[in-house]
Amino acid sequence: MNPILITGATSGIGQQLAIDYAQSGQTVYVCGRNAEKLQELSSLGSHVKPLQFDLTDLSSCKKALHDLDPVPHTWVLNAGDCEYIDDGAMDAALIKRVFTINVVGLANAIEGAQHHFATGHHLVIVGSIASEMALPRAEAYGASKAAVSYLSRTLGVDLAPKGIKVSTVFPGFVKTPLTDKNDFPMPMMIEVDEAAKAIREGIESGKTNIYFPKRFTWILRILGSLPYSVQHHLAKKLIKDKQ
Ligand SMILES: NC(=O)c1ccc[n+]([C@@H]2O[C@H](COP(=O)([O-])OP(=O)(O)OC[C@H]3O[C@@H](n4cnc5c(N)ncnc54)[C@H](OP(=O)(O)O)[C@@H]3O)[C@@H](O)[C@H]2O)c1
């Protein structure tokens with residue numbers, strides 16, 4: 001079993017993935033800022049290796065990821081955050097915060113780790129199904145995840161000649177501390193263990209795009225393929241239905 005590295009391993013989807021891999025005896029590097037959570041994960045065994053750093057700081061990423069022995073073969077870049085814009089009132093500071101962790105943080109992790117990348121390695125980048133359609137209040141989160149999706153798919157093209165695979169993960173709603181903050185209905189939400197299982201299965205079967213839960217993500221993918229004018233009409237209805 002090849003070693004694996006997971007960013008955002010201190011909470012939600014990343015934490016469940018880390019626990020599942022650790023319980024199957026795999027060497028797991030667990031990354032995050034929360035020292036207490038990293039300590040808890042370390043108690044699962046010496047094959048769980050904590051790395052405490054802030055992804056928004058490139059030099060911290062480089063320092064933390066410079067010497068990894070054994071070198072991970074699977075890199076799950078999962079850390080992220082979500083904030084919403086209210087009533088279309090632009091908040092540039094909020095946009096910057098969300099892009100800084102979701103997009104720049106991802107790039108920092110890749111830059112910090114890329115000297116390790118070799119043939120047979122697998123990058124697994126966690127986006128969101130929200131990237132597939134312009135949804136209400138998602139000016140920051142949805143746009144950042146659209147950037148993540150594009151970055152991930154482009155990187156997949158550029159790293160393919162080196163024998164490095166890149167998969168993009170498109171989750172629907174998963175019950176985690178991130179979604180616990182939401183005050184709107186979250187259709188077809190799944191538990192974190194189902195999400196971790198879907199990601200593990202997607203990694204094992206070498207899927208380029210990992211979608212879950214199946215039904216909800218299919219609906220969003222179909223809606224996202226409609227003309228923008230139709231999507232606009234449907235998204236406006238979502239706001240009206242809420243009022
Ligand atoms: N939950 C959902 O419904 C859902 C749906 C679609 C996509 N996603 C995506 O799935 C991923 C995981 O989401 P989740 O729901 O599991 O969220 P979560 O429970 O809030 O966990 C977020 C993780 O990201 C880490 N993180 C945040 N900022 C960081 C920073 N500056 N430096 C280092 N680590 C940082 C956190 O660790 P520390 O606090 O320890 O730093 C934490 O481990 C995210 O990319 C999210 O956008 C989630």
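Helices (H or I, at least four residues) and strands (E, at least two) are DSSP runs, numbered from the N terminus. Keep that in mind as you click along. This is a predicted model, in which local features need pLDDT of at least 70, side-chain atom pairs count only at pLDDT 80 or more, and totals for chains, interfaces and linings use all residues. Residues are numbered from 1 along each chain as its sequence is written, and side-chain values use heavy atoms, with hydrogens and water left out.

**Stop 1: Leu 51 and the cysteines**

Select Leu 51, which sits in strand β3 (residues 48-52). Its relative accessible area is 14%, so Leu 51 is buried; buried means under 20% relative accessible area, exposed over 50%, and partly exposed in between (1.4 Å probe, protein chains only). Now show its contacts, where contact means heavy atoms within 4.5 Å. Not counting residues up to four places away in sequence, Leu 51 touches Leu 5, Tyr 29, Val 30, Cys 31, Gly 32, Leu 38, Ala 64, Leu 65 and Leu 68.

One of those partners, Cys 31, is 20 residues from Leu 51 along the chain, and the two C-alpha atoms are separated by 4.8 Å. Cys 31 is buried too, at a relative accessible area of 2%. How many disulfides does the structure hold? It holds zero, a disulfide being a pair of cysteine sulfur atoms within 2.5 Å. For Cys 31, the closest cysteine sulfur belongs to Cys 61 and is 8.9 Å away, too far for a bond. Select Cys 82 as well: Cys 82 is buried, with a relative accessible area of 7%.

**Stop 2: helix α3 against helix α4**

Two packed helices are described by the angle between their axes and the distance between the axes. Axes are lines fitted to C-alpha atoms, for helices over the stretch in contact, and angles run from 0 to 180 degrees between N-to-C directions.

Colour helix α3 (residues 58-66) and helix α4 (residues 92-113): they pack at an angle of about 40 degrees, with their axes 8 Å apart. That makes α3 oblique to α4; angles under 35 degrees count as roughly parallel, over 145 as roughly antiparallel, 65 to 115 as roughly perpendicular and the rest as oblique. On the α3 side, pick out Leu 58, Cys 61, Lys 62 and Leu 65, which meet Asn 108, Ala 109, Glu 111, Gly 112 and Ala 113 in α4. By class, this contact of α3 with α4 has five nonpolar, two polar and two charged residues. Here Ala, Val, Leu, Ile, Met, Phe, Trp, Tyr, Cys and Pro count as nonpolar, Asp, Glu, Lys and Arg as charged, and the others, Gly among them, as polar.

**Stop 3: along α4 to α5**

Keep α4 selected and add helix α5 (residues 141-159), which packs with α4 at an angle of about 20 degrees, their axes 8 Å apart. This makes α4 roughly parallel to α5. Val 98, Phe 99, Asn 102, Val 103, Leu 106 and Ile 110 are the α4 residues in the contact, and α5 brings Tyr 141, Ala 143, Ser 144, Lys 145, Ala 147, Val 148, Leu 151 and Leu 155. By class, there are 11 nonpolar, two polar and one charged residues in the contact of α4 with α5.

**Stop 4: His 116 and Thr 74**

Past α4, select His 116 in the loop between α4 and β5 (122-126). Is His 116 buried or exposed? With a relative accessible area of 12%, His 116 is buried. Leaving aside neighbours within four places in sequence, His 116 is in contact with Leu 65, His 66, Leu 68, Val 71, Trp 75 and His 121.

Thr 74, in strand β4 (residues 74-77), counts as buried at 11% relative accessibility.

**Stop 5: unusual backbone spots**

Most residues other than glycine have a negative phi, and most peptide bonds are trans. Which residues does a cis peptide bond join? One such bond joins Asp 69 and Pro 70, with omega about 5 degrees, and another joins Phe 212 and Pro 213, with omega about -15 degrees.

For phi, select Arg 137 in the loop between β5 and α5: its phi is positive, about 70 degrees, although Arg 137 is not a glycine. Finish at Met 188, in the loop between α6 (177-180) and α7, where phi is positive at about 55 degrees.
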